[in-house]
Amino acid sequence: MTTDRAMDGTAADGTAADRTAADRTAADGTTARDTVAPGAAAEAAGIEVLPVAGHTGAEIRGLDLASGLLPAQVEAVRAAVLRWKVVFFRDQHLDHAGQVAFARLFGEPVVLPRRGKASPAGFPEVETTADRLELGGRFGMEHDEWLRRRRHTLLRGWHCDHGARVDPPAATILRAETVPPYGGDTTWSNLAAAYAGLSAPVRAFVDGLRAEHRLGVGYQPRPGDDAYVRHLLDHQTATVHPLVRVHPETGERVLFVNGYYVEQIAGLSRHESAAVLELLLEQATRPEYTVRFRWEPGSVAFWDNRATIHLAPGDNAHLGHPRTMHRVMLAGDVPAGVDGTPSEALVGSAPGRW
């Protein structure tokens, strides 16, 4: 999701601020890059961008995604995503082709070499997750046990998509087909706001740190032979990322941390790393930085995977209702830290190669 411009400042009520981005100074003392005001862009495009929480999330009204978007509407959606980190569309009638076409307006869709069995043939960009239908028994476990082991603590469940790669996706577009009548919500947190909310001494400390992100960190193995552990070992992915990355479009500093992938902060002892990670994970998931979304059939969420982490639902496994979602991700770049040093792949991924 690239552009020559990014977001502008907005007032507390979500309207466009009078100042330009060049006049704004971020909480860490840096100045944001030139940006597009989401309020002005929305007005020019004839759509509504309605913030739904103080830091994170906005609902966009006035668009039929299946009918295609005008250039001004694309710019307005892009500005809203950069400003609010995740945007929501209701009552859409997208099929697989329409979802891919919408995604292409904002970047290059990722083609995964392996997808779940429920994913549609003929659309390699679309990955379908049908929780109870697909995951139950796939690795010799009942569905409830699978979920417990993938998210055995609250903080461990928070993640960005494919964060162990050297080039995590820039954005994700998730479309709901079938959802339970209650439960099954997704929650996102704004990592730029979380970084800005740290005290100045802590920001200065974490600016220079790097951490190892590794596939499988958020999974609790079973005693004895565990088929999913074998799967992880066969498809291992690990990267050393900056603990604070600079957003390539907005110039914001982002607290690039999550519990599902982060293994160890480089240069710290295990004890020190665990203590710092606990502090940062609690900061990253503070309620004031989050937004929770109630899915309906036809709902679409579009989020900046570089500046958010999200928590998949854990409250619907026992309900007996299907939850079928279709995901398209946009190719991303290699993160860079405050000093400009890029991430370093350890095993399992290379830029642009999936």
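**Entry 1: lining of the largest cavity**

I sorted the lining residues of the largest cavity in this predicted model by class, and I found six nonpolar residues, four charged residues and no polar ones. I then listed the residues by name. From one stretch of the sequence come Val 110, Leu 112 and Arg 115, followed by Pro 124, Glu 125, Val 126 and Glu 127. Arg 327, Val 328 and Met 329 complete the lining. I asked which strand gives the most to this lining. Strand β17, residues 324-330, does so, with three residues.

**Entry 2: cavity count and volume**

I looked up how many cavities of 30 Å³ or more the structure holds. There is one. For the largest cavity I noted a volume of about 30 Å³.

**Entry 3: Ala 37**

I turned next to Ala 37, which I placed in the loop between β2 (35-36) and α1 (38-45). Is Ala 37 buried or exposed? Its relative accessible area is 10%, and Ala 37 is therefore buried, the cut-off being under 20%. I also checked Ala 37 against Ala 79: the two are 42 residues apart in sequence, and their C-alpha atoms lie 6.8 Å apart in space.

**Entry 4: confidence**

I recorded an average pLDDT of 85 for the protein, with 81% of the residues scoring at least 70. Over residues 3-32, pLDDT stays under 50. For that segment, residues 3-32, I noted 71 contacts beyond four places in sequence in the model.

Technical notes. Residues are numbered from 1 along each chain as its sequence is written. This is a predicted model: local features need pLDDT of at least 70, side-chain atom pairs count only at pLDDT 80 or more; totals for chains, interfaces and linings use all residues. Side-chain values use heavy atoms; hydrogens and water are left out. On a 1 Å grid over the protein atoms alone, a cavity is a set of points where a 1.4 Å probe fits but cannot get out, and a pocket is an open set with protein on both sides within 12 Å along at least five of seven lines; lining residues have an atom within 4 Å of a point. Grid points are joined across faces, edges and corners, and a volume is the space filled by probe spheres set on the points. Helices (H or I, at least four residues) and strands (E, at least two) are DSSP runs, numbered from the N terminus. Ala, Val, Leu, Ile, Met, Phe, Trp, Tyr, Cys and Pro count as nonpolar, Asp, Glu, Lys and Arg as charged, and the others, Gly among them, as polar. pLDDT is the predictor's confidence in each residue, from 0 to 100. Contact means heavy atoms within 4.5 Å. Buried means under 20% relative accessible area, exposed over 50%, partly exposed in between (1.4 Å probe, protein chains only).
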